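Student: Got a minute to go through this one with me? I'd like to talk about the strands.
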Amino acid sequence: MKQQSKVTEDHFAECPFFNVNWLSRVMNRMAEEEFAPAGLSPTYAFLLMVVKENPGITQRDLSETLHIAPSTSTRFIDKLVVKGLVERRNEGKLALIYPTEEGLRLQQTINQCWHRLMGRFMGALGEEGQVLTGMLHQAAKKLDSK
């Protein structure tokens, strides 16, 4: 009788897909915990940070900045409009996104959440965290252009 092999985590130790997804799940859990005081998911908070720094940003530029599909940014913006955190102003064919007063008031909380997340990440990984972040960024840029 042939013995079945057991697949363990070690089988995937050298698989970038497996490890990036695992890291993504861990980071997402950490980010959700840290952004909870803002009442927003991390992605919504990032969108709001971009809009605050670039009032009147086009939806296209916002999508490109966050590396998300335009249809995804539409859903995110719609939700933030309903929450009263951003507003969409149409100028010709362009939809320009602006923060509302409420959205601007939330920025301090968002910044605190962001700093706690970064502190938690860097606290756990130390200098390796900065190196890893740079490597992940460069890898994403290279793979995205293929």
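Student: What's the bridge partner of Thr58 in E3?
Tutor: Leu96 is the one that pairs with Thr58. Keep in mind that this is a predicted model.

Student: And which residue of E3 does Ile57 stand opposite?
Tutor: Ile57 faces Ile97 there. E1 and E3, the latter covering residues 94–99, are joined by two bridges and run antiparallel.

Student: OK, over to E2. How many bridges join E2 to E3?
Tutor: Six, and those two strands run antiparallel as well. One of the pairs puts Val86 with Pro99 of E3.

Student: What about the hairpin of E2 and E3, how many residues sit between the strands?
Tutor: Two. Gly92 in that hairpin has a positive phi, near 65°.

Student: So what's the strand order in the sheet?
Tutor: E1-E3-E2, in an open sheet of three strands with antiparallel pairing. The edges are E1 (57–58) and E2 (86–91), each of which pairs on one side only.

Student: What holds strands together in a sheet, generally?
Tutor: Backbone hydrogen bonds do the pairing, whether parallel or antiparallel.

Student: Changing topic: which helix lies across E2 and E3?
Tutor: That's H4, residues 70–82, and it runs at about 115° to E2.

Student: Last one. Why is E3 described as largely enclosed?
Tutor: Because five of its six residues are buried, E3 is largely enclosed by the rest of the structure. Buried here means under 20% relative accessible area.

Technical notes:
Residues numbered from 1 in each chain as written. Predicted model: local features only at pLDDT ≥ 70, side-chain atom pairs only at ≥ 80, totals over all residues. Heavy atoms only, no water. Pairing = 2+ DSSP bridges. Helix = DSSP H or I, 4+ residues; strand = E, 2+ residues; numbered from the N terminus. Contact = heavy atoms within 4.5 Å. Axes fitted to C-alpha atoms, helices over the stretch in contact; angles between N-to-C directions. Buried < 20%, exposed > 50% of the residue type's maximum accessible area, 1.4 Å probe, protein only.
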